[in-house]
Every structure is written in C-alpha cells, then in structure tokens.
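Welcome! Let's take a walk through a protein fold together, one piece at a time. Keep the 3D view open while you read.

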Amino acid sequence: MRGWLVAVLDLVFPALCPACGAALGAGRRDPLCGGCWAGIVRIAPPCCGLCGLPLGDVAPATSGAAGVEPAPGVMAGRPRAAEPPTAAPRRGGEDAGAPRCGPCAASPPPYDYGRAAGVYTGPLREALHAFKFRGRRALAGPLAALAAEQCGARLPGDVEALVPVPLAPARERERGYNQAALLAARLGRALGLPVEPRWLARVRPTQAQSELPAAARRDNVRNAFHAAPAVAGRHVVLVDDILTTGATAAACADALRAAGARRIGVLAVARALGVAL
Ligand SMILES: [Zn+2]
Ligand SMILES: [Zn+2]
C-alpha cells in the first residue's frame, strides 16, 4: 500500500534528487537518486586509524567514477547490500595497531581514532551541501546510513555514546537544525548507541571554518567548546558531517579530554582529501 502510494506520488510530483536534480530511479536511497548513491566514493580499509585518510593511491576527485578503477582503500560505485535498518552492525572490529598516515604519525590528533565513510567529492559533496546549506534535512537518512554501513562495524565494541559536534546557538537558529545532531540521532538508532547532544556545547561563537584558510582554523575553534562532567570516564564518539582539517574535531576532543573522557573517537560522513590535518 505504501509502495503503491509512493509510486503514484512519484508520477504526480516526480521526486528529484537534491544532489543532482535527476529523478530518483532504481537503486535510490531517498532522497538520493540511485546514481548518486552508487557514485559515492566510499572509504574502506586500509585507512589511517587516527584520521580516516585512505592509505595508498586514491581515486581522482571527479564525480561520475564510471570507468575509473577504484584505488585500494576506496570503493566507488559498489555500495554494500542494504541491511535491515533494525539490524545493528556488529561492533568490536577495532584494528589494534591500525596504520597511521604520515601527518598523524608525526603529530597525532588529540582523539584516539577517526573514521570517515566517504571521500568529500562528487555526489557526496553535493549531498552534504544540500543537507547543510539548502535545508534538505531528509538527507540525514542516506548520509547516516552510509556512515553506519561503512564505519559501524569498525567502531570499538565499548563505545558508550555518540556526541554530535554542536553548532553555535545563533547558527542553529538560523539553519533550523544542527546537521551533526540529525546524523547522530540516525546513527544512534542504526548502531544501537545512545546519543548525548548535551555532553558538548559551544561556549563562544566562531567564524565558519569553511571561510578560513587551513592554518587559521585551529585558532578559530580553540577553547570554543565545553564538555559536561557526565563524559568523565566515558568512551564517546564525536559525530560530524565533514572532516576537513580536523581542527573542529580536535577542539571538541580537547574539551572532552579536559572533562575526563576516557576514550574519544571521531566519526564523519565525509573526509576531505589533500588537506593536511
Ligand atoms: Zn542524484
Ligand atoms: Zn591520519
């Protein structure tokens, strides 16, 4: 009945993909079309255990990966078979002694491990823009599913809570939602983990990181966050949409550590490449 209704609604009001504008078609992950879902450049091991950077050669940053042979560590256009949404992926597959990329080996980030689901390029980049800046909050569904499918099984088994990266209150009012909180809520359901948005707050306004050169980002967010005493002794995973320079995640991790968090992971939907952390 519901499928029939969706089919009729699609005929009357064709649903268009917010990333590319095409009709959704076969293989769709509403509201993403089948082509965009399949075209996301997924990150799979081997990747840096600290920042999620795929190790080895990386596929060129182009959309439409058709005909491009995926590099090791990157799977393009081969989404894993959909799992029932109620089935929490088995966790505990943490790779002890995980490899590290050069920059992380030289200067490890203040969090204990980082995972990212896909490369910030092509359809994933378009989808994240629509999700973040064009009010397309329904994209939380496929974006969180992507993160759960690619990273859920690679999270340690003793994670106690997901904590979304907070937005400044003024920015959240303006946007109407915090994209990281929407992702964390969906991820929490998919992975069977509690979500604790109140465990981390922004205590001073910052400039949008995207407006700043990489070198200025760390200063921009330094001491911008405060963690609740409840994180003391806990193993928490920060959730964010995009890991670019890692400056925001690092500032959040500093605040969580200062409040006594025992272990801190970072889980992002997308990882930008070619940016030194
Ligand atoms: Zn599309
Ligand atoms: Zn790294």
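## The overall picture

Of the 277 residues in the protein chain, 43% count as buried. Keep in mind that this is a predicted model. The chain holds nine helices and eight strands. Among contacts between residues at least 6 apart in sequence, 75% join residues that are at least 24 apart.

As a general background idea, nonpolar side chains in soluble globular proteins tend to be buried together. In this model, the largest nonpolar core has 77 residues. The residues with the most contacts inside that core are Ala-147, Leu-183, Leu-238 and Val-239. Let's visit the elements around them.

## Helix α5

Ala-147 is a good place to begin, and it is one of the buried residues of α5. Helix α5 covers residues 140–151, which makes twelve residues. From its first C-alpha to its last it reaches 16 Å, close to the 16 Å expected at 1.5 Å a residue.

Is α5 mostly covered or mostly open? It is mostly covered, with ten of its twelve residues buried. Among them are Pro-142, Leu-143, Leu-146, Gln-150 and Cys-151. These buried residues pack against several partners: the helices α2 (34–39), α4 (122–133) and α7 (179–191), and the strands β1 (41–43), β3 (113–119) and β8 (263–271).

## Helix α7

Now move to α7, one of the partners of α5. The 13 residues of α7 should span 18 Å at 1.5 Å a residue, and its end C-alpha atoms are indeed 18 Å apart, so the two values agree.

Why can we call α7 largely enclosed by the rest of the structure? Because ten of its 13 residues are buried. Leu-183 is on that buried list, along with others including Gln-179, Arg-186 and Leu-191. What covers the buried residues of α7 includes α4, α5, β4, β7 and β8. Just after the helix, Gly-192 takes a positive phi of about 70 degrees.

## Pro-197, in the loop that follows

Pro-197 sits in the loop between α7 and β5 (200–202). Is Pro-197 buried or partly exposed? It counts as partly exposed, because it has 18 C-beta neighbours inside 10 Å, while a buried residue needs 20 or more.

Leaving aside residues up to four places away in sequence, Pro-197 touches Pro-164 and Ala-181. You can also compare its position with that of Ala-184: the two are 13 residues apart in sequence and 8.6 Å apart in space, C-alpha to C-alpha.

## Strand β7 and its neighbours

Strand β7 spans residues 235–243, and eight of its nine residues are buried, so the strand is largely enclosed by the rest of the structure. Which residues does Leu-238 touch, not counting those up to four places away in sequence? They are Val-163, Val-165, Ala-249, Cys-252, Ala-253, Ile-264, Gly-265 and Val-266.

β7 pairs with two strands that we can look at here. Strand β4 (residues 161–164) runs parallel to β7 and is joined to it by four bridges, with Ala-161 standing opposite Val-236. β7 and β8 also pair in the parallel sense, over eight bridges, and here Val-239 stands opposite Leu-267 in β8. To get from β7 to β8, the chain crosses through helix α9 (residues 247–258), and this β-α-β crossover is right-handed.

Key: Residues numbered from 1 in each chain as written. Chains lettered and ligands numbered in written order. Predicted model: local features only at pLDDT ≥ 70, side-chain atom pairs only at ≥ 80, totals over all residues. Expected span 1.5 Å × (residues − 1). Contact = placed C-beta atoms within 7 Å. Pairing = 2+ DSSP bridges. Right-handed = clockwise from strand over helix to strand, strands pointing away. Core = buried A, V, L, I, M, F, W, Y, C linked by C-beta atoms within 7 Å.
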